[in-house]
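Hi,

Here is the structure I promised to pass on. Have a look at it first, and then read on for what turned up.

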Amino acid sequence: MNFLETKDVVKQYTNHCALNKVSISVPQGMIFGLLGPNGAGKTTLIRIINRITAPDSGEVFIDGRPYLPSDIYRIGYLPEERGLYKKMKVGEQAIYLARLKGLSANEAKRRLMLWFEKFDLAQWWNRKLEELSKGMQQKVQFIVTVIHEPDLLIFDEPFSGFDPVNTEQLKKEIIDLKNAGRTIIFSTHNMASVEEICDDIALINKSEVVLSGHVDEVRNRFKSNTFNICIRNDVFESSPDDLFTVLSETAGSNNTLNVRIRKEKEISNSALLNVLTQKYEIFSFAEELPSMNEVFLKVVGKSV
């Protein structure tokens with residue numbers, strides 16, 4: 001079941017088409033990666049989902065029905081451009097923003113204190129935001145994004161400005177939110193993070209969706225029939241039947257040889273392995289899949 005869908009969404013700014021019939025489907029309870037180079041149209045789509053702007057044509061659906069103005073209370077949005085008030089005290093500001101999202105003052109403070117303790121921010125409750133480091137400020141913004149426990153969370157470059165330790169903490173919190181049933185749209189340029197936490201993706205380039213699907217399925221779609229094999233340290237011979245091409249050989253530990261080959265497309269993996277086991281003692285045999293970064297560059301590079 002899809003929690004959110006956009007169908008043929010178009011947005012035009014004067015002489016620039018920001019979105020050209022963009023359709024995406026965000027599954028319920030999943031982390032959906034919204035990818036694309038700068039200027040591709042991702043932020044425009046996010047702004048439409050948040051009702052900050054309206055599409056010229058096309059529709060947005062939530063739970064299979066047309067998106068209603070009241071649905072905005074079911075969304076939490078962490079924009080790439082952070083927007084907290086630097087002169088306000090941290091706790092005062094957090095309560096104010098939580099109340100805008102429908103929480104009572106008492107409930108807001110109760111929930112906020114739990115999150116502040118979790119993120120080691122409690123001692124900064126009565127300090128001005130400008131006294132906090134950039135990383136701590138972004139933790140505060142993350143907290144006020146999730147505090148009303150929305151059904152849909154939209155994170156635009158959530159790890160920007162975080163060191164590796166805090167990045168891992170935030171990844172864990174995002175995964176925990178997914179496991180609690182939240183649906184998440186995750187917009188980022190960090191393809192390693194996409195592989196780690198995203199279930200499905202859509203890649204937007206030049207205002208159009210140019211690639212979509214489950215992360216593993218997308219990587220498989222772009223595989224190059226390349227395999228990494230570890231054998232006992234023998235001389236590895238090229239295939240006499242042109243079943244494969246040797247790309248590289250590297251000496252391994254304990255008298256092993258690591259070989260990288262590319263097989264012909266019409267040869268099955270089983271047939272290839274059968275040929276190899278007749279000649280070599282094989283310790284490992286693994287197909288090499290492209291990273292999401294390689295997929296991104298290949299798809300975007302084709303259309304530049």
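Let me start with a charged pair: E281 and R232 form a salt bridge, and their closest N and O atoms are 2.6 Å apart. E281 sits in the loop between α8 (269–277) and β14 (282–288), while R232 is in strand β11 (residues 226–232), so this pair ties together parts that are 49 residues apart in sequence. Neither end is hidden away: E281 is partly exposed with a relative accessible area of 39%, and R232 counts as partly exposed too, at 38% relative accessibility. Before you go further, please keep in mind that this is a predicted model.

**Other salt bridges**

How many salt bridges are there? The count comes to 19. Another one of them joins the side chains of R74 and D63, at 3.1 Å from N to O. This pair also links distant parts of the chain, with R74 in the loop between β5 (65–66) and β6, and D63 in the loop between β4 (57–62) and β5, 11 residues apart. R74 counts as partly exposed because its relative accessibility is 21%; buried would mean under 20%. D63 has 32% relative accessibility, so D63 is partly exposed as well. These two belong to a wider arrangement, since D63, R65, D71, R74 and D151 are linked in a network of salt bridges.

Then there is E173 with K118, where the closest N and O atoms are 3.4 Å apart. E173 lies in helix α5 and K118 in helix α3, so the salt bridge ties together parts that are 55 residues apart in sequence. The two ends differ in their surroundings: E173 is buried, with a relative accessible area of 6%, whereas K118 counts as partly exposed at 44% relative accessibility.

**The pockets**

You will probably want the pockets next. The largest pocket holds about 470 Å³ of space. Of the 18 residues lining the largest pocket, Y77, L97, L100, K101 and V144 are the closest to its centre. Which elements each supply at least two residues of that lining? They are β6 (75–78), α2 (90–100) and α4 (134–146). By class, the lining of the largest pocket divides into 11 nonpolar, 6 polar and 1 charged.

The second largest pocket has about 210 Å³ of space. It is lined by 14 residues, and the closest to its centre are W115, K118, V146, E149 and L177. So K118 turns up again here, because K118 is also the residue in α3 that pairs with E173 in α5. Those two helices, α3 (105–118) and α5 (164–179), each supply at least two residues of the lining of the second largest pocket. The most comes from α3, with 5 residues. The class make-up of this lining is 7 nonpolar, no polar and 7 charged residues.

**Helix α1 and its lysine**

Is α1 buried or exposed for the most part? With 6 of its 8 residues buried, α1 is largely enclosed by the rest of the structure. The buried ones are K42, T44, L45, I46, I48 and I49.

K42 is the one I would point you to, in helix α1 (residues 42–49). K42 is buried yet has no salt bridge, and the nearest side chain of opposite charge, that of E157, is 6.3 Å away. For comparison, a salt bridge needs the nitrogen and the carboxyl oxygen within 4 Å. What does the side chain of K42 reach at 2.9 Å? That would be the backbone oxygen of G36. At the other side of the helix, just after α1, R51 takes a positive phi of about 60°.

**One last residue**

S187 is in strand β8 (residues 183–187). S187 counts as buried because its relative accessibility is 1%. The C-alpha atoms of S187 and E266 are separated by 37 Å, and the two residues are 79 residues apart along the chain.

Over to you, and all the best.

Technical notes. Residues are numbered from 1 along each chain as its sequence is written. This is a predicted model: local features need pLDDT of at least 70, side-chain atom pairs count only at pLDDT 80 or more; totals for chains, interfaces and linings use all residues. Side-chain values use heavy atoms; hydrogens and water are left out. On a 1 Å grid over the protein atoms alone, a cavity is a set of points where a 1.4 Å probe fits but cannot get out, and a pocket is an open set with protein on both sides within 12 Å along at least five of seven lines; lining residues have an atom within 4 Å of a point. Grid points are joined across faces, edges and corners, and a volume is the space filled by probe spheres set on the points. Helices (H or I, at least four residues) and strands (E, at least two) are DSSP runs, numbered from the N terminus. Ala, Val, Leu, Ile, Met, Phe, Trp, Tyr, Cys and Pro count as nonpolar, Asp, Glu, Lys and Arg as charged, and the others, Gly among them, as polar. Buried means under 20% relative accessible area, exposed over 50%, partly exposed in between (1.4 Å probe, protein chains only). Lys and Arg count as positive and Asp and Glu as negative; His and the chain ends are not counted. A polar contact is a pair of N or O atoms within 3.5 Å; within protein, one must be able to donate a hydrogen and the other to accept it, and residues adjacent in sequence count only if both atoms are side-chain atoms.
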